[in-house]
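Here are some notes to read alongside the model, set out as numbered points. They take up the ligand, the charged pairs, the surface and a few backbone details in turn.

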Amino acid sequence: MLKTRFTELFGVQHPITEGGMQWVGRAELVAAVANAGALGFITALTQPTPEDLVEEIERCRELTDKPFGVNLTILPAINPPPYEEYRRAIIESGVKVVETAGYNPQEHLADFKANDVKVIHKATAVRHSLKAEKLGVDAVSVDGFECAGHPGEDDVPGLVLMPAVADQLSIPLIASGGFAEARGLVAALALGADAINMGTRFMCTEEAPIHRRIKERIVEATERDTDLIFRTLRNTARVARNDVSRQVVEIESWGDATFDDVRDLVAGTRGRKVFETGDPDYGIWSAGMCQALIHDIPTVAELVDRIVCEAEEIVSGRLAGMMETTGVAA
Ligand SMILES: Cc1cc2nc3c(=O)[nH]c(=O)nc-3n(C[C@H](O)[C@H](O)[C@H](O)COP(=O)(O)O)c2cc1C
């Protein structure tokens, strides 16, 4: 058993989280993660209304009696979703841990804190992590450049970003982006993190509620099979490389492209169809570089057990075996 500040603070067995994933973070996956002793997050905005979110939380409770959380992704939009109502739905459902992401969580913190909800804020930079700590969040999840979804605009990979954050942060740090197996977990702990967060790896499990063909596509993919879109809009997203992502990158290379030029290609409804129909080239869908490290479609329990057991073996076997005993008395 790996005991860290994260496992202590959140009362879960293993230092592993399954971060919010649009269209993927539903009750069946989150409950499987909870039952495996890790911490999963239902993705609030996958549910069309706050009332649907309440039902999804109830559905998850029917599948597990272990703790789980909700991800609230805050994105600036012309017609934003009713964030305050989603927040109330989370609080009134009795959920005790939230992962915020996308934007400064300040306007939601007081309400969460007043209702004993612990907040993990997902950030992509040292300065944003420290800001979140100052605002009063309980832990920070930091996405390195390798990650699926939004890595920010600084392009700092986890190997540098995690210790750079760990050096300055006092609250628990969850390392995110590029983690898929035991070696990554041990490395993250060595870099100063208290847990890892995985997205792409959990997408490729039996319980993830997406078409099997997409999981098989992840297994086939290598570390080179992602594209960075929206670079020119300063809203970079790492997505699975496919026909549509190539077109978006091509249009952005014109230099004067606007969002309107790619709007139809990147429509969320098309991305959702990918997961429903299993056609990997139908739209844009998120996936990270760690596809290279994913070779099978296990159950969530098999995956978590494997990562934790192998991590213990690396620490107490391989690494301990490297410590040379000189036999010289001090
Ligand atoms: C399909 C998919 C959808 C995602 N959607 C969201 C989201 O809605 N909100 C969010 O905060 N992060 C989202 N993410 C990012 C993950 O929570 C996590 O930070 C990221 O996957 C970590 O990188 P990894 O894939 O290399 O493990 C998504 C990731 C994937 C793979």
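Which residue forms a salt bridge with Arg-87, and how far apart are the closest N and O atoms?

1. The partner is Asp-111, and the closest N and O atoms of this salt bridge with Arg-87 are 2.9 Å apart. Because Arg-87 lies in helix α4 (residues 83-92) and Asp-111 in helix α5 (residues 106-114), the pair ties together parts that are 24 residues apart in sequence. Arg-87 and Asp-111 are both buried. Please keep in mind, here and below, that this is a predicted model, in which the salt bridges number 22.

2. A second pair joins Asp-227 to Arg-241, with 3.0 Å between the closest N and O atoms of the salt bridge. Asp-227 belongs to strand β9 (residues 226-229), whereas Arg-241 sits in the loop between β10 (237-240) and α11 (243-252), so this contact ties together parts that are 14 residues apart in sequence. The two partners fall into separate classes of accessibility: Asp-227 counts as buried because its relative accessibility is 9%, under the 20% limit, while Arg-241, at 31%, counts as partly exposed.

3. Some of the charged side chains are joined in a wider arrangement, for Glu-206, Arg-212, Arg-213, Glu-216 and Glu-220 are linked in a network of salt bridges. Within that network, the side chains of Glu-220 and Arg-213 meet at 3.3 Å, taken from N to O. Is Glu-220 buried or exposed? Glu-220 is exposed, since its relative accessible area is 52% and the class begins over 50%; Arg-213, with a relative accessible area of 28%, is partly exposed.

4. Turning to the ligand, the residues around it number 22, and those that come nearest are Gly-20, Thr-73, Lys-122, Gly-178 and Thr-200. Several elements contribute to this shell, and β3 (69-73), β8 (195-198) and α9 (200-203) each supply at least two of its residues. By character, the shell divides into seven nonpolar, 13 polar and two charged residues, a division in which glycine is counted among the polar ones.

5. Which parts of Thr-200, Gly-178 and Asn-71 lie close to oxygen atoms of the ligand? For Asn-71, an N or O atom of the side chain is 3.3 Å from a ligand oxygen. For Gly-178, the contact comes from a polar backbone atom, at 2.8 Å from an oxygen of the ligand. For Thr-200, an N or O atom in the side chain is 2.5 Å from an oxygen atom of the ligand. Taken alone, the ligand exposes 600 Å², and the protein buries 92% of that area.

6. On the surface, Val-315, Leu-319 and Met-322 form a nonpolar patch, and together these residues have about 250 Å² of accessible area. Leu-319 is placed in helix α14 (residues 300-322). Why does Leu-319 count as partly exposed? Its relative accessibility is 34%, which lies between the limits of 20% and 50% that define this class.

7. Two backbone angles deserve a careful look. Trp-23 has a phi near 70 degrees, a positive value in a residue other than glycine, and this residue is found in the loop between β1 (16-18) and α2 (27-35). Asp-155 likewise has a positive phi, near 60 degrees, and its place is in the loop between β6 (139-143) and α7 (158-166). Most residues other than glycine have a negative phi. As for accessibility, Trp-23 counts as buried at 18%, whereas Asp-155 counts as partly exposed at 30%.

8. Finally, two separations may help in placing parts of the chain relative to one another. Pro-81, in the loop between β3 and α4, is partly exposed at 27% relative accessibility, and its C-alpha atom is separated by 8.1 Å from that of Leu-45, 36 residues apart from it along the chain. Ile-120 is found in strand β5 (residues 118-123) and is buried, with a relative accessible area of 1%. The C-alpha atoms of Ile-120 and Pro-15 are separated by 14 Å, the two residues being 105 residues apart along the chain.

Conventions
Residues numbered from 1 in each chain as written. Predicted model: local features only at pLDDT ≥ 70, side-chain atom pairs only at ≥ 80, totals over all residues. Heavy atoms only, no water. Patch = residues over 30% accessible without salt bridge, like charges linked within 9 Å, V, L, I, M, F, W, Y side chains within 5 Å. Areas by Shrake-Rupley, 256 points an atom, 1.4 Å probe, with all protein chains shown as cover. Salt bridge = Lys/Arg side-chain N within 4 Å of Asp/Glu carboxyl O. Helix = DSSP H or I, 4+ residues; strand = E, 2+ residues; numbered from the N terminus. Buried < 20%, exposed > 50% of the residue type's maximum accessible area, 1.4 Å probe, protein only. Near = heavy atom within 4 Å. Polar contact = N/O pair within 3.5 Å; in protein donor to acceptor, adjacent residues only side chain to side chain.
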